[in-house]
Amino acid sequence: MSTTSLTNFISKPSSSLVPNLTNLHPFHLSQSAKPCRAPKLESVSSRALRRLVAPSAATTNAAETERAKETKKGDNPDRVKKINNIEEFDEALREAKNKLVVVEYATGESYKNHKIYPFMVDLSRSCNDVEFLLVIGDESPQTRKLCSREKVDKVPHFTFYKSMEKVHEEEAVGPDQIVGDVLYYGDNHSGVVQLHSGEDVKSLIGEHKLDGKLIVLDVGLKHCGPCVKVYPTVIKLSRQMADSVVFGRMNGDENESCMRFLREMDVIQVPTFLFIRDGKIQGRYVGSGKGELIGEILRYQGVRVTY
């Protein structure tokens, strides 16, 4: 069972836990991500830069041929937008408004060859409500300046924005982690009800006070690794159990109302799942174990579960 203790962290910070809730900063870097050994952006050789800026004719032709094939198939090869300077970067964030924006930072020597970029292209085609940006940090003085402003000096590096606010960062992560992050920070259309205040919770409970449905309330934090890990399971269950179970989610550090709700519910570790029926809290499960969560949901639905 993987959880993040709020009280333990507040009294004694640990690098494996989320930030202190009272000092949470949107630019916090996930401590669980290990830095990769890619070269610092400022140390990339001028020869490599020349190769990037002036690629060979064979490379250019191959890229154009591949682009033509993908366009012919009906795919949009430009869903990952390449950013060339600070002005383009800021404008892309403004245009995205409240959509999730995923920014990948790479170098010219790495972005065409490593496994993440092709995966990002595929992911962008299936997530039309998420914007994807690519910054080649060693491509020009303008991109180096952007990386310097954003304090990015190693790749691959990923940042996540909503409403022009940086909500999450990752370094040296794989495709599975990126998918989890996109689902967690960009979920606006699944069967999980997004709750942004204590009043939202009361309203949800009121709506289902008489219909007999079980409410499963997922309480977490923005920068909580276990919360991100279990969320794809929550989305899947919300679809499979839509007839009998209502799933809701709240990030306790979103605002003071959410934080107050956590205190009122005596939530001291996240993720915490509250089980509510007929307007009353029937119990809770603390942890990110998929099997345990499913078992608890079935138990509160009256199904006998043997562990």
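Student: Which way does helix 9 pass helix 11, in a right-handed or a left-handed crossing?

Tutor: Helix 9 passes helix 11 in a right-handed crossing. Keep in mind that this is a predicted model.

Student: Okay. At what angle do helix 9 and helix 11 pack, and how far apart are their axes?

Tutor: Helix 9 and helix 11 (residues 290–300) pack at about 35°, and their axes are 10 Å apart.

Student: Which residues make the contact?

Tutor: From helix 9 you get V230, T233, V234 and L237. Helix 11 brings K290, L293, I294 and I297. Sorted by class, the contact has six nonpolar residues, one polar and one charged.

Student: Let me zoom out. How many helices and strands are there in the protein?

Tutor: The protein has 11 helices and 12 strands.

Student: And what share of the residues is buried?

Tutor: Buried residues account for 49% of the 307 in the protein.

Student: What about contacts between residues at least 6 apart in sequence: what share joins residues at least 24 apart?

Tutor: That share is 72%.

Student: Now the sheets. What is the strand order in the open sheet that includes strand 2?

Tutor: The order is 2-4-3-5-6, so to speak, five strands with mixed pairing.

Student: Why is one side of strand 2 and of strand 6 left without a neighbour in the sheet?

Tutor: Because strand 2 (80–83) and strand 6 (165–171) stand at the edges, and each has a single partner strand. On average, neighbouring strands in this sheet are turned by 25° against each other, ignoring direction.

Student: In which sense do strand 5 and strand 6 pair?

Tutor: Antiparallel, over six bridges, with strand 5 covering residues 157–162. As one pair to look for, K162 stands opposite E165 in strand 6.

Student: Which helix packs on that sheet?

Tutor: Helix 4 (residues 86–96) does, and it touches strand 2, strand 3 (100–106), strand 4 (130–136) and strand 5. The direction of helix 4 makes about 145° with that of strand 2.

Student: Next, what is the order in the open sheet with strand 7?

Tutor: Five strands form that one in the order 7-9-8-11-12, and the pairing is mixed. Strand 7 (193–195) and strand 12 (280–286) are at the edges with a single partner strand each, so one side of each has no neighbour in the sheet. The average turn between neighbouring strands here is 25°, direction ignored.

Student: How many bridges join strand 8 to strand 11?

Tutor: Five, and the two strands run antiparallel, with strand 11 at residues 272–277. Have a look at I215, which stands opposite I276 in strand 11.

Student: Which strands does helix 8 lie across?

Tutor: Helix 8 (residues 198–207) lies across strand 7, strand 8, strand 9 (245–251) and strand 11, at about 140° to strand 7.

Student: Back to a single residue. Where is H223?

Tutor: H223 is in the loop between strand 8 (214–220) and helix 9 (225–240).

Student: Is H223 buried or exposed?

Tutor: H223 is buried, with a relative accessible area of 10%. The side chain of H223 reaches the backbone oxygen of V167 at 3.2 Å.

Student: One more helix pair: how do helix 5 and helix 7 cross?

Tutor: The axes of helix 5 (residues 116–126) and helix 7 (residues 175–186) cross at roughly 35° and come within 10 Å. The crossing is right-handed.

Student: Which residues meet there?

Tutor: I116, F119, M120 and L123 in helix 5 meet P175, I178, V179 and V182 in helix 7. By class, that contact has eight nonpolar residues, no polar and no charged.

Terms used:
Residues numbered from 1 in each chain as written. Predicted model: local features only at pLDDT ≥ 70, side-chain atom pairs only at ≥ 80, totals over all residues. Heavy atoms only, no water. Helix = DSSP H or I, 4+ residues; strand = E, 2+ residues; numbered from the N terminus. Buried < 20%, exposed > 50% of the residue type's maximum accessible area, 1.4 Å probe, protein only. Polar contact = N/O pair within 3.5 Å; in protein donor to acceptor, adjacent residues only side chain to side chain. Pairing = 2+ DSSP bridges. Axes fitted to C-alpha atoms, helices over the stretch in contact; angles between N-to-C directions. Contact = heavy atoms within 4.5 Å. Left-handed = near helix turned anticlockwise from the far one by under 90°. Nonpolar A, V, L, I, M, F, W, Y, C, P; charged D, E, K, R; others polar.
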